[in-house]
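User: I would like a close look at one part of this protein, namely the open sheet and whatever packs against it. Please take me through it step by step, keeping to what the coordinates support.

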Amino acid sequence: MVDSVEFPRNCVVSLVTPLHEGAVVEVATIGNEGIVGVPQVTAGSSVRAIVSVAGWADRMSATAFREEVERDDGPLRDLVGDYRQALFGQVAQAAACNRLHSNEERLSRWLLFIFMRLLLALPARPG
């Protein structure tokens, strides 16, 4: 059971699904636009999170997160619902790419995702 969710600040986390004989496949990449642990906390998913690029993240207990998401009038409820929908879209895209594209094409896509997430994590320049 997952005991917390993390909000990446300047790190990148890969969600992976374990396969037979110890192999894993990446199904999503999360940067500072996302929340690590949502599938596990809200749906009991078996995906695992692996840090791809080290950095900082804020942490919230899974219990407090779940309680806040389940509140009818809570601002986090709609936000997490939209995030889950976007995350599912990323997982579907990853499945298609893993099936149809070469290793080089998948590596190019992954590097672009990493670059964009790290670029978004940079602080804004003053004036």
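Analyst: What follows goes from the strands of the sheet to a serine within it, and then to the helices and the core.

The model is a predicted one, and the values below are computed from it. The sheet in question is open and has three strands in the order S3-S2-S4, with antiparallel pairing. Strand S3, residues 24-30, and strand S4, residues 48-53, are the edge strands, each of them pairing on one side only. From one strand to the next the twist averages 35 degrees. Strand S2, which covers residues 12-18, runs antiparallel to S4 and is joined to that strand by five bridges; in this pairing Val 13 stands opposite Val 51 of S4. As background, strands of a sheet pair through backbone hydrogen bonds, either parallel or antiparallel.

Ser 14 is a useful residue at which to pause, since it lies in strand S2 and makes side-chain contacts that can be listed one by one. Ser 14 counts as buried because its relative accessibility is 5%, and the cut-off for that term is under 20%. Its side chain is joined to that of Glu 26 by a polar contact of 2.4 Å, and a polar contact of 2.4 Å also joins the side chains of Ser 14 and Ser 52. Leaving aside residues up to four places away in sequence, Ser 14 touches Glu 26, Ala 28, Arg 48, Ala 49, Ile 50, Ser 52 and Trp 110.

The loop between S2 and S3 holds Glu 21, a residue that has a positive phi of about 60 degrees although it is not a glycine. In contrast to the buried serine, Glu 21 is exposed, because its relative accessible area is 86%.

Two helices meet the sheet. Helix H3, residues 75-100, lies across S2 and S3 and runs at about 140 degrees to S3. Helix H4, residues 103-121, packs on the sheet as well, touching S2, S3 and S4, and its direction makes about 30 degrees with that of S3. The length of H3 can be checked: at 1.5 Å a residue its 26 residues should span 38 Å, and because the end C-alpha atoms are 38 Å apart, the expected and modelled spans agree. Along H3, the buried residues are Leu 76, Val 80, Tyr 83, Leu 87, Gln 90, Ala 94 and Cys 97, and what covers them includes S2, S3, H1, H2 and H4.

This brings us to the core. The largest nonpolar core has 19 residues, and those with the most contacts inside it are Leu 15, Ile 35, Val 38, Phe 65, Val 80 and Tyr 83. The elements that give it two or more residues are S2, S3, helix H1 (38-43), helix H2 (62-70) and H3, with H3 giving the most, namely four residues. In soluble globular proteins, nonpolar side chains tend to be buried together. For Phe 65, the contacts beyond four places in sequence are Val 5, Phe 7, Ile 35, Val 38, Val 41, Thr 42, Met 60, Leu 76 and Val 80.

Among these contacts is Phe 7, whose bridge partner in S5 is Asp 58. Strand S1, residues 4-8, is mostly covered, four of its five residues being buried, and S1 pairs with strand S5, residues 57-61, in the antiparallel sense over five bridges.

Key: Residues are numbered from 1 along each chain as its sequence is written. This is a predicted model: local features need pLDDT of at least 70, side-chain atom pairs count only at pLDDT 80 or more; totals for chains, interfaces and linings use all residues. Side-chain values use heavy atoms; hydrogens and water are left out. Two strands pair if DSSP finds at least two bridges between them. Axes are lines fitted to C-alpha atoms, for helices over the stretch in contact, and angles run from 0 to 180 degrees between N-to-C directions. Contact means heavy atoms within 4.5 Å. A nonpolar core is a set of buried Ala, Val, Leu, Ile, Met, Phe, Trp, Tyr and Cys residues joined through side-chain atoms within 4.5 Å. Buried means under 20% relative accessible area, exposed over 50%, partly exposed in between (1.4 Å probe, protein chains only). A polar contact is a pair of N or O atoms within 3.5 Å; within protein, one must be able to donate a hydrogen and the other to accept it, and residues adjacent in sequence count only if both atoms are side-chain atoms. The expected span of a helix is 1.5 Å times one less than its number of residues.
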